[in-house]
Amino acid sequence: MTAPGLPSGGGCRTAPVIKERGQREVFCGLTGIVWLHRKMQDAFFLVVGSRTCAHLLQAAAGVMIFAEPRFGTAILEEGDLAGMADAHEELDREVAKLLSRRPDIRQLFLVGSCPSEVIKIDLSKAAERLSQRFAPRVRVLNYSGSGIETTFTEGEDACLASMVPVLPRTEARELLVVGALPDVVEDQMVGLLEAMGIGPIRLLPARRIDDETAVGPNTVFALAQPFLGETHAALLRRGARHLAAPFPFGEEGTTAWLAAIAREFGVDAETFERVTAAPRARARKAVAAAARTLSGKTVFFLPDSQLEIPLARFLARECGMTPVEVASPYIHDAIHGPDLDLLPAGPRIAEGQDVDLQLDRVRADRPDLTVCGLGLANPLEAEGLSTKWAIELVFTPVHFYEQAGDLAALFARPLRRKALLKLEAAE
Ligand code: SF4
């Protein structure tokens with residue numbers, strides 16, 4: 001007998017999708033640098049942008065002060081924007097200065113922004129030129145984090161997708177786990193897989209450029225994050241095969257994700273049970289504690305992080321909540337399909353955003369909890385609605401068994417706070 005199959009559900013995979021292409025209210029893809037620079041210890045992210053971009057990054061990452069920061073902004077001055085200066089020459093000078101000062105940098109990402117897109121600086125050409133100049137010590141790649149092109153989690157997708165074409169080729173049968181996770185969570189995940197005898201396990205992004213991440217026709221890959229559409233496509237182009245599975249949020253999601261990999265690698269049911277039984281029990285217990293607050297409540301997801309569908313599945317099936325609308329910036333059947341299969345029928349499913357129309361629906365539904373971007377949370381709170389900031393779900397460790405209780409607690413907190421405030425008001 002092999003590892004268990006997927007649990008069955010009512011399913012939203014074939015539900016009609018409301019498609020909206022209006023104004024959206026989300027951070028840009030530069031935000032991903034905040035977690036990517038912590039993950040990739042020999043990388044540097046050089047944003048080619050304006051003072052606004054520099055301020056956004058400093059504000060988002062402001063709590064961390066490094067002696068040797070791993071990101072910075074090459075500021076485009078007015079002369080560049082007016083096409084009066086040669087931005088490429090200046091960029092080359094800045095990069096040469098940076099790399100001579102910082103021998104620890106082995107990967108340099110030139111990150112495009114709204115201003116660099118508008119004045120059409122060709123960063124792919126710059127990356128090619130600089131790669132030739134600084135190879136083999138430093139690899140220079142480029143991607144866009146511009147708010148014109150990307151929502152905030154797409155920055156990571158664009159970054160990882162830029163790395164796929166330059167990964168070394170391998171013929172080996174290997175598991176590649178894709179998506180940046182906090183180190184402690186990644187170690188837990190690798191520990192579980194190795195305890196089942198699965199390996200070799202490679203990671204994208206790897207912590208260092210010399211780590212043995214490679215790809216080829218015998219690579220099977222699992223996504224740890226649901227916002228990696230471009231990276232998924234880039235890996236398929238390199239001949240790798242995707243293991244579709246629900247995302248590892250909550251006990252059920254984690255078990256289904258691990259089981260998809262275990263089945264692929266022929267792990268028997270007994271081994272799967274032996275490795276997962278104890279952490280599963282811990283996760284169930286921790287989720288149950290927070291679910292007491294969540295059960296019977298309604299939740300509305302505005303499109304923000306692309307985590308919406310798997311999180312709605314977790315809240316519905318493990319915490320007893322009723323999703324009324326689940327909106328995601330993008331829905332990819334190959335990536336989100338397994339979670340949509342498990343999401344109980346009922347909620348409206350929406351792709352994209354037209355923020356005014358969507359807020360009208362929030363006001364009509366008056367959900368117990370609305371998951372949305374920072375910019376929308378305050379006005380909704382002022383209207384008496386409880387909100388959860390979507391960005392917190394990306395900055396907090398929430399994957400796999402040991403974090404399942406924390407994930408449920410993140411949603412329970414605003415509801416508890418509201419209940420306490422009501423209590424105080426009544427006294
Ligand atoms: S990339 Fe665009 S949206 Fe992001 S901080 Fe810079 S100007 Fe603003």
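Modeller: Two strands pair if DSSP finds at least two bridges between them; helices (H or I, at least four residues) and strands (E, at least two) are DSSP runs, numbered from the N terminus. This is a predicted model: local features need pLDDT of at least 70, side-chain atom pairs count only at 80 or more, and totals for chains, interfaces and linings use all residues. Residues are numbered from 1 along each chain as its sequence is written.

Biologist: Let's start with the sheet. In what order do its four strands come?

Modeller: The sheet is open, and its pairing is parallel. β3 (71-75) and β5 (139-144) each pair on one side only, which puts them at the edges. Reading across from β3, the order is β3-β2-β4-β5.

Biologist: Over how many bridges do β4 and β5 pair?

Modeller: β4 covers residues 107-112 and runs parallel to β5. Glutamine 107 has arginine 139 as a bridge partner, and leucine 108 has valine 140. The count for β4 and β5 is six bridges.

Biologist: And what is the bridge partner of leucine 46 in β4?

Modeller: Now we're looking at β2 and β4. They pair in the parallel sense over six bridges. In β4, the partner of leucine 46 is leucine 110.

Biologist: How many of the six residues of β4 are buried?

Modeller: Buried means 20 or more other C-beta atoms, placed from the backbone, within 10 Å of a residue's own; 12 or fewer is exposed, and in between is partly exposed. Gln107, Phe109 and Val111 are buried on one face of β4, and Leu108, Leu110 and Gly112 on the other. The strand is largely enclosed by the rest of the structure, because the buried count is six of six.

Biologist: Let's move to the ligand. Which helix gives the largest share of the shell around it?

Modeller: The residues around the ligand (C-beta within 6 Å of it) include Gly49, Ser50, Thr52, Cys53 and Leu56. Others there are Cys28, Leu30, Ser113, Cys114, Gly145, Ser146 and Gly147. The largest share is three residues, and these come from helix α2 (residues 51-60).

Biologist: Which residues does the UniProt "binding site" annotation cover?

Modeller: The annotation comes from an unreviewed entry, and such annotations may be inferred rather than shown by experiment. It covers three cysteines: Cys28, Cys53 and Cys114.

Biologist: Why do they gather at one spot?

Modeller: Along the sequence they span 87 residues. Even so, they gather at one spot, because no two of their C-alpha atoms are more than 9.5 Å apart.

Biologist: Is cysteine 53 buried or exposed?

Modeller: Cysteine 53 sits in helix α2. Beyond residues up to four places away in sequence, it touches Leu30, Val47, Thr73 and Ser113, where a contact means C-beta atoms within 7 Å. With 25 other C-beta atoms within 10 Å, cysteine 53 is buried.

Biologist: How many other C-beta atoms lie within 10 Å of cysteine 114?

Modeller: Cysteine 114 is part of helix α5 (residues 114-118). Apart from neighbours within four places in sequence, cysteine 114 contacts Ser146, Gly147 and Ile148. It is partly exposed, and the number is 19.

Biologist: One more helix, α12 (residues 308-319). Which residue follows α12?

Modeller: Twelve of the twelve residues of α12 are buried, so this helix is largely enclosed by the rest of the structure. Among the buried ones are Ile309, Arg313, Phe314 and Cys319. Next comes a residue with a positive phi, near 75°: glycine 320.

Conventions
Contact = placed C-beta atoms within 7 Å.
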